[in-house]
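Hi,

Here is the structure I promised to pass on. Have a look at it first, and then read on for what turned up.

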Amino acid sequence: ALVGSSGSGKSTLASLIPRFFDVEEGAVTFDGIDVRELALDDLRSRVGIVPQEPMLFAGTVRENLVYGNLDATQAEIEEVSRAAHAAEFIETFPDGYDQVVGERGVTLSAGQRQRIAIARVMLERPRLLILDEASSSLDSESEALVQDALEHLMRGRTTLVIAHRLSTVIRSDRILVLDQGRIVSEGSHLELLERSEVYDRLYRRQTHGVAAR
């Protein structure tokens with residue numbers, strides 16, 4: 001997980017992996033290979049990204065779902081839709097998976113758009129998953145459904161979680177704390193509460209001074 005205040009460099013750091021930016025010094029490696037040595041299409045086909053504001057197209061639900069895997073079968077589409085808690089609203093549409101969602105998914109709620117975005121990434125089967133504040137803009141009910149969908153998505157793959165709300169990263173195996181563009185601490189949640197002033201301050205601020213240990 002990458003944590004830190006707004007502007008600390010979390011999204012910029014994650015953007016180095018699919019080469020939206022390149023490093024000026026050192027190297028970013030994927031399975032031990034410098035990402036600059038990989039074909040860009042090959043590299044990005046291995047990386048799935050769920051952003052805070054998902055990009056949907058003005059076509060149908062189905063077209064949005066299969067964007068990263070045009071060979072997906074109907075059974076696969078329905079399977080990932082169920083796992084992402086999207087089938088429950090898609091199947092209520094008059095045209096089901098052939099329902100037109102409008103420009104940027106305007107006919108859908110924020111939670112529905114996010115669940116379709118998650119199902120789409122599930123169909124892509126990426127090796128590496130980047131979650132960039134994937135549930136931070138949702139109401140509590142939608143957030144619970146999206147978090148459960150993300151749990152399904154993260155199983156069996158390396159996941160990089162970018163989060164402002166620390167409650168979403170407590171169980172991460174490794175947490176990097178960023179401050180003013182630099183990694184200032186790393187460790188587990190409990191380790192960072194003990195030895196990182198930046199992390200402890202962020203956590204206490206979000207829990208109103210009550211830090212569960």
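A term to start with: a residue counts as buried when its relative accessible area is under 20%, as exposed when that value is over 50%, and as partly exposed in between. Please also keep in mind that this is a predicted model.

With that in hand, take helix α9, which covers residues 197-206. Which of its residues are buried? They are V198, Y199, D200, L202 and Y203. As for what they pack against, the partners are the strands β1 (2-3), β7 (175-179) and β8 (182-187), plus helix α8 (189-195).

Y199 comes up again in the largest nonpolar core, which has 45 residues. Together with V50, V61, L65, I118, L153 and V169, Y199 is among those touching the most other members. Helix α6 (residues 110-124) supplies the largest share of this core, with 6 residues. In general, nonpolar side chains tend to be buried together in soluble globular proteins. There is another core apart from this one, made of 16 residues, including A14, V28, F30 and L176.

If you want to follow V169 from the big core, skip the neighbours within four places in sequence and you will find V169 in contact with A1, V3, V161, A163 and I175.

Then there is S81, in helix α4. Is S81 buried or exposed? Its relative accessible area is 0%, so S81 is buried. Not counting neighbours within four places in sequence, S81 is in contact with L65, A86, A87, I90, Y97 and A119. L65 is also one of the core residues that touch the most other members.

Now the aromatics. How many aromatic pairs does a search of the whole structure find? The count is 2. F57 and Y67 make a tilted pair, at 4.9 Å centre to centre and with 40° between the planes. F57 sits in the loop between β4 (47-50) and α3 (61-65), while Y67 sits in the loop between α3 and α4 (74-83), so this pair ties together parts that are 10 residues apart in sequence. F57 is partly exposed because its relative accessibility is 35%, and Y67, at 55%, is exposed.

F89 and F93 form an edge-to-face pair, with 5.9 Å from centre to centre and 65° between the planes. Both rings belong to buried residues: F89 has a relative accessible area of 7%, and F93 comes in at 18%.

On the surface, F20, F21 and I49 form a nonpolar patch, with about 280 Å² of accessible area together. F20 is in the loop between α1 (10-15) and β2 (29-30), and counts as partly exposed because its relative accessibility is 47%.

R19 is also placed in the loop between α1 and β2. With a relative accessible area of 24%, R19 is partly exposed. Where does R44 lie relative to R19? The two are 25 residues apart in sequence, and their C-alpha atoms are 8.4 Å apart in space. R44 is also among the contacts of R19, along with V35, R36, L38, L40 and L43, once neighbours within four places in sequence are left aside.

That's what I have for now. Shout if anything is unclear.

Cheers

Technical notes: Residues are numbered from 1 along each chain as its sequence is written. This is a predicted model: local features need pLDDT of at least 70, side-chain atom pairs count only at pLDDT 80 or more; totals for chains, interfaces and linings use all residues. Side-chain values use heavy atoms; hydrogens and water are left out. A nonpolar core is a set of buried Ala, Val, Leu, Ile, Met, Phe, Trp, Tyr and Cys residues joined through side-chain atoms within 4.5 Å. Buried means under 20% relative accessible area, exposed over 50%, partly exposed in between (1.4 Å probe, protein chains only). Helices (H or I, at least four residues) and strands (E, at least two) are DSSP runs, numbered from the N terminus. Contact means heavy atoms within 4.5 Å. Patches are made of residues with over 30% relative accessible area and no salt bridge: like charges are joined within 9 Å, nonpolar side chains (Val, Leu, Ile, Met, Phe, Trp, Tyr) within 5 Å. Accessible areas come from the Shrake-Rupley method with a 1.4 Å probe; for residues, only the protein chains shown count as cover. A salt bridge is a side-chain nitrogen of Lys or Arg within 4 Å of a carboxyl oxygen of Asp or Glu. Rings of Phe, Tyr and Trp (its six-membered ring) pair if their centres lie within 6.5 Å; planes under 30 degrees apart count as stacked, over 60 as edge-to-face and the rest as tilted.
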